[in-house]
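Please open the model in your viewer, show the side chains as sticks, and keep the selection tool at hand for a short walk through the charged pairs.

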Amino acid sequence: MRTKLGALLCIAVLAGCTTAQNFSAPGLDPIPGSITYGGQPRTKLTKSPVGSSFPHNFIDQYGQQVEETYIIQPDRSLKIAHREIRPIRFHD
């Protein structure tokens with residue numbers, strides 16, 4: 001019984017691991033190019049409903065394409081809800 005419980009615990013921990021560069025976690029830190037890098041924007045989104053989301057695409061400091069999704073919080077601040085970093089692609 002103990003062995004099965006330990007194995008299930010290990011499987012649960014490993015299932016949470018990922019090697020992809022998709023991040024979906026509360027409290028993602030802003031990176032250069034993010035709307036919230038250096039603090040919240042000075043203007044508030046007053047016409048957008050609380051809980052709505054919108055995308056923001058930019059090129060990071062390493063030349064990679066980054067797509068972030070923001071959610072408008074009740075205090076009208078922005079929270080990064082999702083970040084996807086696409087690798088640099090060279091075309092012939």
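Select Glu84, which is partly exposed (between 20% and 50% relative accessible area, where under 20% is buried and over 50% exposed, for a 1.4 Å probe and protein chains only), with a relative accessible area of 25%. The model is predicted, so that local features need pLDDT of at least 70 and side-chain atom pairs count only at pLDDT 80 or more, while totals for chains, interfaces and linings use all residues. Residues are numbered from 1 along each chain as its sequence is written, and side-chain values use heavy atoms, with hydrogens and water left out.

From Glu84, add Arg86: the two form a salt bridge (a side-chain nitrogen of Lys or Arg within 4 Å of a carboxyl oxygen of Asp or Glu), with their closest N and O atoms 3.7 Å apart. Salt bridges with shared partners join Glu67, Glu84 and Arg86 into one network.

Next, select Glu67, whose side chain meets that of Arg86 in a salt bridge at 3.1 Å, N to O. This pair links distant parts of the chain, with Arg86 in strand 4 (residues 78-86) and Glu67 in strand 3 (residues 65-72), 19 residues apart; strands here are DSSP runs of E, at least two residues long, numbered from the N terminus. Arg86 is partly exposed at 27% relative accessibility, and Glu67 is partly exposed at 23%.

Finally, move to Glu68 and Arg83, whose side chains meet in a salt bridge at 2.9 Å, N to O. They too link distant parts of the chain, Glu68 lying in strand 3 and Arg83 in strand 4, 15 residues apart. Glu68 is buried at 0% relative accessible area, and Arg83 counts as buried at 6%.

Definitions and conventions:
Helix = DSSP H or I, 4+ residues; strand = E, 2+ residues; numbered from the N terminus.
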